[in-house]
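Please look over the model below before turning to the notes on its overall form, its confidence and its interior.

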Amino acid sequence: MKKDAFDAFCSSLPATFHVVQWGGATVWKVGTGEQSKVFAIAGWGDGARPAYTFKVSPIAYEMLREEPGLRPAPYLASRGMKWIQQYGSPGLGEADLKAYLAESHRLASRNLTKKLQRTLGLNPA
């Protein structure tokens, strides 16, 4: 997936916005302003290929961490968080990457306050 397609997909998810931080990485968040949670990061992997980092469930983390082109996300995973980085080939296909990004969005949004989730129309009961 090219970076512009990554950005277009992330922007299509509800209540999202991005900022550029951490050395020029595109950081996608769900929520509003200070009440937001990171769900995806785009930076550079090996060579000129984009690297995409996203939050996963504990089961997905165990499944993906050893796959070619994927690894526990530098910095985040070393602190016990369940984040995966797609940094090289073959990695995930576009449909699978989109599914994991959507799930990362859902997982991150569940860490917002219940009131904010309701206000933004996220995670209806």
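The radius of gyration is taken over C-alpha atoms, and the globule rule used with it is 2.2 Å times the number of residues to the power 0.38. By that rule a compact globule of 125 residues would have a radius of gyration near 14 Å, and the protein agrees because its own value is 14 Å. This is a predicted model, in which local features need pLDDT of at least 70 and side-chain atom pairs count only at pLDDT 80 or more, while totals for chains, interfaces and linings use all residues. Residues are numbered from 1 along each chain as its sequence is written, and side-chain values use heavy atoms, with hydrogens and water left out.

**Confidence and fold**
- The mean pLDDT (the predictor's confidence in each residue, from 0 to 100) is 91, and 95% of the residues reach 70 or more.
- Four helices and six strands make up the secondary structure, taken as DSSP runs numbered from the N terminus (helices H or I, at least four residues; strands E, at least two).
- From the N terminus on, these elements run α-β-β-β-β-α-β-β-α-α.

**Interior**
- The largest nonpolar core (buried Ala, Val, Leu, Ile, Met, Phe, Trp, Tyr and Cys residues joined through side-chain atoms within 4.5 Å; buried means under 20% relative accessible area, exposed over 50%, partly exposed in between, with a 1.4 Å probe and protein chains only) has 26 residues, and Phe 6, Phe 39, Phe 54, Val 56, Leu 64 and Leu 101 touch the most other members.
- Helix 3 gives the most to this core, with four residues.
- A second, separate core of six residues includes Ala 25, Val 27, Ile 41 and Trp 83.
- Of the 125 residues, 42% count as buried.
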